[in-house]
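Subject: Structure handover

Hello,

Here is the structure I said I would pass on. My notes on what was found in it follow below.

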Amino acid sequence: MKNKNRPLLELSNIVVEFNADHGEKIHAVSDISFAIFKGETLGLVGESGCGKSSLARAVMQLPGPASGKVTFCSKDLAQLSKKELLKIRPRFQMVFQDSVSALNPKRSVGKTIAMPLKVTGNLSKNERHTLVEKMMSKVGLDSELFNNKPHQFSGGQCQRIQIARALITEPELLICDEPVSSLDVSIQAQIINLLETMRKQYDLTMLFISHDLAVVKNISDRIAVMYLGKLCEIAPSEQLYQSCAHPYTSALFSAIPRVNHPQAFPKLQRCIGELPSPTAPPSGCRFRTRCPKVKEQCVFEEPKLYEISPGHTVACHLFQ
Amino acid sequence: MDNSPSIFEKLGITFWLCLMWIVLVVLLALFADLLPLPGADVMDWDHPAAPPGTVGTLQSLIASDANPTEIVYFFGTDTMGRDILTRLIYGARVSLAVGLITPLIGLFFGGILGMLAGFYKGRVETIIMAVMDSILAFPGLVLLLAITFFLGPDLKNIIISLGFLTIPSFARIARANTLTYSQRDFIQASRMVGQNDLSIIIHEIIPNIFTPMLIYALLVVSYMIVAEGSLSFLGLGVPSPTPSWGGMIAEGKEVLEETTHVSLFPALIMFLTVLSFNLIGDSLRNLLDARGGQL
Amino acid sequence: MIKLIAKKLLRLFFILIAVTAITFFMVNLLPGDAAYNIAGPDSTAEEIENIRKDLGLNENVVVRYLNWLFKVVKGDLGESLLARGLVSRAIVSRLPVTIELLVLSVLLSLMLAIPFGVICAYKPGSLIDKAVSSTAFGMMAVPVFVMGIALIYIFSIHLRWLPATGFSPISAGIFANIKSLLLPAFTIAMVEWVPLMRVLRSDMITTLQENYILMARSKGLPAPYILFRHALQPSSLTLITILGLQIGHLFGGSMIVETIFALPGIGRLLIGSIFGRDYAMVQGCILFTTIAYVIVNFAVDMLYAFLDPRIRKQMVDGHG
Amino acid sequence: MSIPLLSVKHLTTDIHLEQGKVRAVRDVSFDLWQGKTIGIVGESGCGKSILCKSILKLLPAYAHILEKSQIIFNGRSINNLTEKELNKIRGQGAAMIFQDPLSSLNPVMKIGHQVTETLLYHLKMEEEPALKKAEDLLKAVGIANPSQRIDQYPHQLSGGLRQRVAIAIALACEPKLLIADEPTTALDVTVQAEILDLLDHLQIQRNMAMILVTHDFGLAACRADEIAVMYGGKIVEYAPAEKLLANPRMPYTKALINAIPRLEDPPHTPLQFIEGQPPNMMIPYAGCCFAPRCSLAGHQCRDQEPLLINDDTDDHSFACWNPLGKIS
């Protein structure tokens, strides 16, 4: 916690583009900046198609962003040579959402976990084997299963395999792209707790992406809310829950069905209608088509990020 | 996992019967010269188009031989008195050579091209697939006829031109398979740890697409046997006197009204061989699908 | 949409040029002089030289190809060396026979493939499915020429129902005409219906597991209606692809069938010309079959769009 | 309203797979009264989806419902109905909506046709009034420009709109029962809230009964009158929603509720989780199927299957040998 004010990862003005059908570009992520400090977990929340996964891939340089700067450990990743990038890669790793897709069906689990070590290539086969077995027991996998193929594992176990693969190089930054959203509640809790344990053990800094605000709230120190490729609000978790500012954030909070407060289901803050297509985002504020508090200004002018209290910024004209 | 049936049981009895048939045909074709058979072009003018089981003497074949040997024409003789069994066994050489070599040509070139197209996409894919589509656009048999017509019909030319024609379909399958795998996150994961393209293709893509490609190749084997048969049937296959199954069927067709066995046996053998290859491919594909279903 | 059709047509035009060019160059560049082949082994050098001049063989091959192409565009395919007449006239007189044969055989194979495919897919694994599927599988291993001989043996020699060989033109009466083509068309259909039935069956089985079929069943609609109105159309895309790919195949089949049944079609003309070393005729036949192939493929592409509105959308959007 | 609209008794469904037989639904019984909602909650593979399909006999060929099962809809047993009679119920008496609104609409058929189909077939309406009614239906489910939507194909609509269309189709013949199989799982939370509000609204308006199948306990808690928790193909606890939430008796129910992250808790609060994996339905288990994961399990739990019993009150039943909250 003492390094708290030094950012480990800094994103400035990140833009991610895709080629659309007509040769036009879709901005999956447009102009996003934030920093993650050493030792903290930043949660990134947003609904499908808001660009959160594209952002994660841009950070991982798979491939890098169309424009903007990703600074990791004070190094601009875009400026690094292929060799330098290869050298720094083991220090930031990622866990993917769909474990079936993220594991090579033809490769045994042990070899999958060992692969990052093999590519860096400093260790002998035996050394790798011992490390992998150790890692497997750490993430709660029976090391007897070393030679099994991914299809012999359940969804939760596959996610453990992914975590083991990501952590074997002892990275500083772990990006989790919806690691629990395809899991059942009971297994989801297992994986979240495992991530927490690993975070403490490896002193990880995490970027945790999810569409589930409750999960993100549980795991993150700070939360960033995204909507259609833009950042809406960023604040410390507790503060976001207590006093969220952006109408979209309050809409998200109010839409979550909750076990313990079944009656509390405030309808006033709900947003209305469907998500606009990311190919043709609305002018001005992107949320305005669904915003219950929309003003005329929102149509013409894109809101800037306003800091309403220390560490709490909002992109909304209401806080001008 | 442990109490599940073994691969032997899973493939079923038909698979093993078919495999036995193929092995038998291959062995006969390989060791034809060692078998006690008259030559493929030895004619017994005493017994033209003789029904199966007719007994002939080899004296009429080799005049200088003092000791005439008796020979049983198990499958009868053709219109020129040649032993059908012998010709079938020698004809198997042509069918098998074409059937087994051509898919390898397609598998190798088509596989590589398709993989490159599916992996790199963009312009590489556009160019490769445009060329492949153009080849596919040639009406196959017409092109084959043209090639054998211009190059002259011999076995090597037939194999090369048939092999060339199979490249596009292999490329398509390789590309489709590569595309599905290259979109999956494990490719991203291996980039994440710094594997380069070549290593990704070799270690991540090939192991996954190899089995479906091989199974497709088995299917192509039977296509190629039929294609070679068609060429020979039209008289554009390997030049006589080399026997081929298609040519034998064509000969038999001329005497169909009098006797059926001349074309019946080659047709039957060809049918069984093609069916066996199909069934083997089908069983293997089912096995693979069942495995895929476990994912 | 128009742009797309233009793009497709352009590509087909490219294929046409490529095929004709390759066959032309093959005729002209490969070892073995056409003039020598035509003149025969006993001819004098002078005779050969004259033929070369007549054929224009002394000029550059590209020039000759362009000349040929230019003539083709004007409708002049040259003169047949064997038949002593215009190639175009010979082809035009033979074309209807082949077209009739192919149309009839496609209709017959669809008439077999669609009902059987649907019935098998409706109850996969049932007795009728097993019977039809294994019969079909067996038929797949029967080459066209074997099928033709078998059918002649059964229907002409044994039962004496249909003529074994010969062709009656439509002028001889539509009944006689169809009767003379029935056996040849049936021969092709018996071989070609199998792959059609198999893809339809397997696609239909997949379709019948779709949620929208469940939805249709939950609406209380009767089974035949669901099968033919809901399931058939989305299941027929691969069928159409295979049908398109089969055209090349079919032409090969018709060549064999025309030979077996002695039908005066393009296929037999082509084979006759190949044996007779009639270059202009071979060239012309290949040109015509390629054109036919190209047209059918274009039609298949358009049919796709008709069958699936999602593809139609893609086409309008301009890629595909 | 003396008899329930739907009464399910001892519903048992087997699925025949290549590897063997799986009993996917085991002896499930519940009653549903007109205008009420029952929430069926369970994790994936617990048999909740097969249960809904069993009620309308929409199972694939490899599944079959055992003889002892009884389904009484609207006072009439549907056990021995012919396919034709069943179709009458499926279209008009009870309707269904599914998880993924993209795959539950036919991609090659216009929206209008898909909505009017039941009207034409069941109500024998003419083409034109049917289209008119379809527009009204689309309007009723909150689709802004129905006359335009009718000529569109499903892929031209967003996820939420598609689910609205699916609801319109389900409601076309005014069913008394709506079975919603994870209706909002594929949708975003904000859209989910809207769709659920719409269902609430329509249910009250038409006095429909609803079976709401979901894996989200929170969703069932907010929307259902009664909740049935399923595990391993069985209902393991069944009670009015508030009662179940306030006082879960079955350890699984409690563990499931506690495994959900809560918004009130501060960051990094460790979650209570259930050890182990959900049961493999292929392997029959003699005792309570939750016993291998249950911290309270004793010998009896492992050897003997507990039955669903009522304890202190009429309306709270559970299947457990060592229920929570028992005064010992």
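**A hairpin in chain D and its neighbour**

Strand β1 (residues 6–17) of chain D and β5(D) pair in the antiparallel sense, with four bridges between them. Please keep in mind throughout that this is a predicted model. Within that pairing, D:K9 stands opposite D:Q70 of β5(D).

On its way along the chain, β5(D) is also joined by two bridges to strand β6 (residues 76–77) of chain D, and these two strands run antiparallel. The bridge partner of D:F73 in β6(D) is D:R76. Together β5(D) and β6(D) make a hairpin with two residues between them. One residue in that turn, D:N74, has a positive phi of about 55°.

The side chains of β5 (residues 70–73) of chain D alternate. D:I71 and D:F73 point to one face and are buried, whereas D:Q70 and D:I72 point to the other face and are not buried. D:F73 therefore combines a buried side chain with a bridge to D:R76, a pairing that rests on the backbone because strands of a sheet pair through backbone hydrogen bonds.

**Chain D as a whole**

Chain D contains 11 helices and 13 strands. Its C-alpha atoms fill a box of roughly 70 × 50 × 45 Å along the principal axes. A compact globule of 328 residues would have a radius of gyration near 20 Å, and the 21 Å of chain D agrees with that. Buried residues account for 57% of the 328 residues.Of the contacts in chain D between residues at least 6 apart in sequence, 65% join residues at least 24 apart. The chain exposes about 13,500 Å², and carbon and sulfur atoms supply 52% of that area.

Two individual residues of chain D are worth listing. D:Q19 lies in the loop between β1 and β2 (20–32) of chain D. Its relative accessibility is 59%, so D:Q19 counts as exposed; the cut-off for exposed is over 50%. D:Q19 and D:I150 are 131 residues apart in sequence, and their C-alpha atoms are 45 Å apart in space.

The other residue is D:E182, in the loop between β8 (177–181) and α7 (189–206) of chain D. D:E182 has a relative accessibility of 8% and therefore counts as buried, the cut-off being under 20%. Its phi is near 45°, a positive value in a residue other than glycine. Most residues other than glycine have a negative phi, and most peptide bonds are trans.

**Chain A: an open sheet and two backbone exceptions**

Chain A has an open sheet of four strands in the order β2-β1-β4-β5, with antiparallel pairing. Which strands stand at the edges? They are β2 (25–37) and β5 (75–76) of chain A; each has a single partner strand, so one side of each is left without a neighbour in the sheet. The partner of β5(A) is strand β4 (residues 67–72) of chain A, joined to β5(A) by two bridges in the antiparallel sense. Here the bridge partner of A:F72 is A:K75 in β5(A).

A:N13 is placed in strand β1 (residues 7–19) of chain A. Its phi is near 50°, which is positive although the residue is not glycine. With 41% relative accessibility, A:N13 counts as partly exposed.

The peptide bond from A:L62 to A:P63 is cis, with omega near -10°. A:P63 sits in the loop between α1 (52–59) and β4 of chain A.

**Chain B: a bent helix**

How far does helix α1 (residues 7–30) of chain B span between its end C-alpha atoms? The span is only 29 Å, whereas a straight helix of 24 residues would span 34 Å at 1.5 Å a residue. The helix α1(B) bends by about 80° at B:I13. The buried residues of α1(B) are B:L11, B:F15, B:C18, B:I22, B:V25 and B:A29.

**Between the chains**

Five pairs of chains are in contact, and of these, chains A and D share the most contacts. Chain B and chain D do not touch. Their nearest C-alpha atoms are 8 Å apart.

Regards

Methods
Residues numbered from 1 in each chain as written. Chains lettered and ligands numbered in written order. Heavy atoms only, no water. Expected span 1.5 Å × (residues − 1). Bend = angle between axes of the 7 residues up to and from the residue. Buried < 20%, exposed > 50% of the residue type's maximum accessible area, 1.4 Å probe, protein only. Rg over C-alpha atoms; globule rule 2.2 N^0.38 Å. Contact = heavy atoms within 4.5 Å. Areas by Shrake-Rupley, 256 points an atom, 1.4 Å probe, with all protein chains shown as cover. Pairing = 2+ DSSP bridges.
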